[in-house]
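Student: I should like to study one part of this structure closely, together with what surrounds it. Would you please take me through it in a connected way?

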Amino acid sequence: LALILAGLRASGKAVVLTNGVFDLLHVGHTRCLEDAASRGDLLVVACNSDASAEKLKGKGHPVVPLDERMEVLAALSFVDYVTVFEEPTADALLEALQPSLYAKGTDYTLKTLPEKDTLKRLDVKAVFVGDKKLHSTSKLLAKIKKRKLDG
């Protein structure tokens with residue numbers, strides 16, 4: 001993927017990278033991804049592995065296994081490439097893929113972004129995408145648990 005993206009950047013394409021767990025894909029995810037895609041020519045989505053998702057979100061996560069999360073992301077018309085990463089942050093991914101822009105949801109700011117030092121060193125601009133964070137997989141799971149689903 002790094003070689004493909006290097007060629008695309010060399011031909012003048014703006015590559016946008018975003019990352020996350022993307023467990024139980026919801027409207028908040030799609031709004032962020034669509035906004036991120038609109039900021040450049042290509043959107044690359046990096047998905048946390050199952051092991052790193054569990055470390056980030058806790059035992060029992062992710063609900064949806066990696067291969068299925070990646071397949072759903074790849075099916076979105078505005079997503080060009082999907083990849084996986086194991087690390088707790090996207091620093092190594094940023095180093096390897098060298099995107100033009102790094103997109104994160106509005107629940108982040110430049111000050112709270114774990115990758116801010118890497119972005120500065122690589123001269124990659126951070127953009128904050130999507131609407132206010134009103135949706136989450138955790139909220140969906142809590143809503144499901146509260147409901148009586150037995151008819």
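Tutor: Strands β1 (residues 15-20) and β2 pair in the parallel sense, and 6 bridges hold this pairing. The model in front of you is a predicted one. Within the pairing, Thr18 stands opposite Val45 in β2. Between the two strands the chain passes through helix α2 (residues 27-38), and the resulting β-α-β crossover from β1 to β2 is right-handed.

Let us stay with β2, the strand that occupies residues 42-48. Is this strand enclosed by the rest of the structure, or open? Of its 7 residues, 7 are buried, so the strand is largely enclosed by the rest of the structure. To see how this arises, consider the two faces in turn. In a regular strand the side chains alternate between the two faces of the sheet. In β2, one side carries Leu42, Val44, Ala46 and Asn48, and these residues are buried. The other side carries Leu43, Val45 and Cys47, which are buried as well, and both faces of the strand are therefore covered.

β2 has a further partner in strand β3 (residues 81-85), and these two strands also pair in the parallel sense, over 5 bridges. Here Asn48 of β2 stands opposite Phe85 in β3. Asn48 thus appears both among the buried residues of one face and in the pairing with β3.

Return now to Thr18, which is found in strand β1. Its relative accessible area is 6%, and since buried means under 20%, Thr18 counts as buried. Apart from its neighbours within four places in sequence, Thr18 is in contact with several residues, among them Leu43, Val44, Val45 and Ala46. These four belong to β2 and are buried there. The contacts of Thr18 also include Leu33, Ala103 and Lys104. With Ala103 there is a specific polar contact: the side chain of Thr18 reaches the backbone oxygen of Ala103 at 2.6 Å.

Ala103 leads to another pair of strands, for residues 101-105 form strand β4. This strand runs parallel to β5 (residues 125-129), and 5 bridges join the two. Leu101 stands opposite Lys125 in β5. The chain crosses from β4 to β5 through α6, and this β-α-β crossover is right-handed.

Next come the charged side chains. How many salt bridges does a search of the whole structure find? It finds 3. One joins Arg39 to Asp35, with the closest N and O atoms 2.9 Å apart. Arg39 is partly exposed, at 35% relative accessibility.

Another joins Arg69 to Asp50, where the closest N and O atoms are 2.7 Å apart. This pair links distant parts of the chain, since Arg69 lies in helix α4 (residues 66-75) and Asp50 in helix α3 (residues 50-57), 19 residues apart. The two partners differ in their surroundings: Arg69 is buried at 2% relative accessibility, whereas Asp50 is partly exposed at 30%.

In the remaining salt bridge, the side chains of Arg121 and Glu95 meet at 2.3 Å, N to O. Arg121 lies in helix α6 (residues 116-122) and Glu95 in helix α5 (residues 91-97), so the pair ties together parts that are 26 residues apart in sequence. Arg121 is exposed, with a relative accessible area of 54%, while Glu95 is partly exposed at 34%.

Some details of the backbone in the loops also deserve attention. Most residues other than glycine have a negative phi, and most peptide bonds are trans. Leu24, in the loop between β1 and α2, has a positive phi of about 50° although it is not a glycine. Gln98, in the loop between α5 and β4, likewise has a positive phi, of about 45°. A cis peptide bond joins His61 and Pro62, with omega at about -5°; Pro62 is found in the loop between α3 and α4.

Finally, place these parts in the whole. The chain has 7 helices and 5 strands. Its radius of gyration is 16 Å, close to the 15 Å that the globule rule gives for 151 residues, so the chain is as compact as a globular protein of that length. Buried residues make up 38% of the 151 residues. Among contacts between residues at least 6 apart in sequence, 72% join residues at least 24 apart.

How values were computed. Residues are numbered from 1 along each chain as its sequence is written. This is a predicted model: local features need pLDDT of at least 70, side-chain atom pairs count only at pLDDT 80 or more; totals for chains, interfaces and linings use all residues. Side-chain values use heavy atoms; hydrogens and water are left out. Buried means under 20% relative accessible area, exposed over 50%, partly exposed in between (1.4 Å probe, protein chains only). Two strands pair if DSSP finds at least two bridges between them. A crossover is right-handed if, with the strands pointing away from the viewer, the path from the first strand over the helix to the second runs clockwise. A salt bridge is a side-chain nitrogen of Lys or Arg within 4 Å of a carboxyl oxygen of Asp or Glu. A polar contact is a pair of N or O atoms within 3.5 Å; within protein, one must be able to donate a hydrogen and the other to accept it, and residues adjacent in sequence count only if both atoms are side-chain atoms. Contact means heavy atoms within 4.5 Å. The radius of gyration is taken over C-alpha atoms; the globule rule is 2.2 Å times the number of residues to the power 0.38.
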